[in-house]
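Let's take a walk through this structure together. Have a look at it first, and then we'll go piece by piece.

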Amino acid sequence: QVQLVESGGGLVQPGGSLTLSCLATGFAFANFPQSWYRQAPGKEREWVATIGERGTVKNYDDSVEGRFAISRDDDYNTGYLQMNNLQPEDTAVYFCRVMGYWGQGTQVTVSS
C-alpha cells in the first residue's frame, strides 16, 4: 500500500535552513508528481511546492519562491524540500503528497 513518511523537521532560528525528506513506498514513485504542503495551527493547509514526475517542471508558492528548492531522487524513492532563510511565518507541519495520498507530516518551527 502507498505510504509517505516525512522527516527532517525541527527547531531552527530565523535565517536558518532545513531539508525535509519524503520517503515513498508501495508504488512507482518515479511516475508521479510530488508536492509539499504545510499547515500552521488554526490555519488551512496550503500548497508549497510541486515537482513533476522524474524531476520535470518545478513550481512554488510565492511565499517560498527563491528560498525553497524542491527535488527528488527516484533511485531512493525520496522527495526533498530544501528550505533556506527560514522565517517565523514558515512555522507549520509540512506534509508530503503524491497522487492524493498524504504523509503524517513533520513539524518545522522557526523561532529565536
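A disulfide is a pair of cysteine sulfur atoms within 2.5 Å. Keep in mind that what you're looking at is a predicted model. A search through the whole of it turns up one disulfide: Cys 22 and Cys 96 are the partners, with their sulfur atoms 2.0 Å apart. The pair ties together distant parts of the chain, since Cys 22 sits in strand β3 and Cys 96 in strand β9, 74 residues apart. The link is left-handed, with -70 degrees about the S-S bond.

So is this link buried or exposed at its two ends? Cys 22 is buried, at 0% relative accessible area, and Cys 96 counts as buried too, at 0%.

Now follow Cys 96 to its neighbour in the sheet: Cys 96 in β9 is the bridge partner of Trp 36. That pairing belongs to β4 and β9, which run antiparallel and are joined by five bridges. β4 also runs antiparallel to β5, again with five bridges, and one of the residues involved is Gln 34, whose partner in β5 is Ile 51. β4 and β5 make a hairpin with six residues between them, and Gly 42 in that turn has a positive phi of about 75 degrees. Because five of the six residues in β4 (residues 34-39) are buried, this strand is largely enclosed by the rest of the structure.

Trp 36 comes up again in the largest nonpolar core, which has 26 residues; Trp 36 is among those with the most contacts inside it, along with Val 48, Phe 68, Leu 81, Met 83 and Tyr 94. Elements giving two or more residues to this core include β3, β5 and β9.

Definitions and conventions. Residues are numbered from 1 along each chain as its sequence is written. This is a predicted model: local features need pLDDT of at least 70, side-chain atom pairs count only at pLDDT 80 or more; totals for chains, interfaces and linings use all residues. Side-chain values use heavy atoms; hydrogens and water are left out. A nonpolar core is a set of buried Ala, Val, Leu, Ile, Met, Phe, Trp, Tyr and Cys residues joined through side-chain atoms within 4.5 Å. Buried means under 20% relative accessible area, exposed over 50%, partly exposed in between (1.4 Å probe, protein chains only). Helices (H or I, at least four residues) and strands (E, at least two) are DSSP runs, numbered from the N terminus. Two strands pair if DSSP finds at least two bridges between them.
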